[in-house]
Amino acid sequence: IKSATHRRRPVLAKRLAQISPRATRRLLKKFEAAKATWPPREVALVAIKDEKVLDLYARALEGGWAFVHRYSVLAASGRAGPKLRQGDRQVPEGVYRITYLNPTSRYHVSLRLNYPNAFDRRMAAVDKRRGLGGDIMIHGKNLSAGCLAVGDAAAEELFVLIAEVGKSRARVVIAPTDFRRQAASKYPKSPPWLPTLYRKLAGAISEFPPPPRPGLLSLLWP
């Protein structure tokens with residue numbers, strides 16, 4: 001009996017065949033403009049909730065992270081603060097991995113995150129919370145109920161990029177604000193473990209160089 005993974009592979013391959021040629025051409029232009037190596041060895045997506053942006057970073061086998069492109073988040077429900085339970089419509093905050101590429105998403109294509117991660121589960125145990133929810137995605141369209149909606153074209157590019165690089169070589173950082181400019185201590189301290197999470201996020205974001213200034217950004221990457 002074939003496993004679900006084996007059954008999904010032909011569907012994924014067919015979807016990639018449909019969207020990859022155009023998406024790859026767009027990605028190549030972005031990497032060329034950023035003077036970043038293609039294909040990269042690793043990629044990172046940094047989502048800043050209060051700016052409604054998703055920044056793409058990449059690095060080769062040697063060298064540091066290079067900023068490649070800033071995508072607009074077209075919809076992201078909730079406000080600053082982590083996701084605590086199913087149905088709260090919050091976009092989670094933390095450092096996540098991509099666990100699944102969904103080629104048949106209702107939202108064009110989607111990338112599933114590993115929410116709740118180990119930290120989310122530990123803090124839920126401390127709080128005695130259950131029903132943390134799940135199925136948090138980066139996807140197309142412009143609707144959100146706890147996910148990051150980036151539009152179809154951007155979702156295609158990220159989908160193809162992660163298929164090229166591999167899920168194990170990608171990470172996603174979601175933060176309430178850009179802690180390279182805003183001190184984590186200025187954000188809410190409830191629940192009690194939130195300062196710990198924000199210190200972790202501040203450290204994670206510090207690995208990546210800030211994007212170009214907004215004016216230059218819009219000039220280079222309309």
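Modeller: Helices (H or I, at least four residues) and strands (E, at least two) are DSSP runs, numbered from the N terminus. By that rule, the protein chain has five helices and nine strands. Along the sequence they follow the pattern α-β-β-β-β-β-β-α-β-β-α-β-α-α. The model is predicted, so local features need pLDDT of at least 70 and side-chain atom pairs count only at pLDDT 80 or more, while totals for chains, interfaces and linings use all residues. Residues are numbered from 1 along each chain as its sequence is written, and side-chain values use heavy atoms, with hydrogens and water left out.

Biologist: What makes β3 and β4 edge strands?

Modeller: The open sheet has five strands in the order β3-β2-β1-β9-β4, with mixed pairing. Both β3 (66-72) and β4 (94-96) pair on one side only, which makes them the edge strands. From one strand to the next, the twist averages 20°.

Biologist: How do you know that strand β2 and β3 pair?

Modeller: Two strands pair if DSSP finds at least two bridges between them. Strand β2 (residues 53-59) and β3 share six bridges in the antiparallel sense, so the criterion is met. Tyr57, for instance, has Phe67 in β3 as its bridge partner.

Biologist: Which strands does helix α3 lie across, and at what angle to β1 does it run?

Modeller: Helix α3 (residues 152-165) lies across β1 (42-48), β2, β3 and β9 (170-175), running at about 145° to β1. Contact means heavy atoms within 4.5 Å. Axes are lines fitted to C-alpha atoms, for helices over the stretch in contact, and angles run from 0 to 180 degrees between N-to-C directions. Helix α4 (residues 194-205) lies across β1, β4 and β9, at about 130° to β9.

Biologist: Why is Arg89 called partly exposed?

Modeller: Buried means under 20% relative accessible area, exposed over 50%, and partly exposed in between (1.4 Å probe, protein chains only). Arg89 has 46%, so this residue is partly exposed. Lys141, at 34%, is also partly exposed. Of the 222 residues in the protein chain, 48% are buried.

Biologist: What makes the backbone at Arg89 and Lys141 notable?

Modeller: Most residues other than glycine have a negative phi, and most peptide bonds are trans. Arg89, in the loop between β3 and β4, has a positive phi near 60°. Lys141, in the loop between β7 (137-139) and β8 (148-149), has a positive phi of about 65°.

Biologist: Where does Pro39 lie, and which peptide bond joins this residue to Trp38?

Modeller: Pro39 lies in the loop between α1 (4-34) and β1. The bond to Trp38 is cis, with omega about -10°. Tyr115 and Pro116 are likewise joined by a cis peptide bond, with omega about -5°. Pro116 lies in the loop between β6 (110-113) and α2 (118-127).
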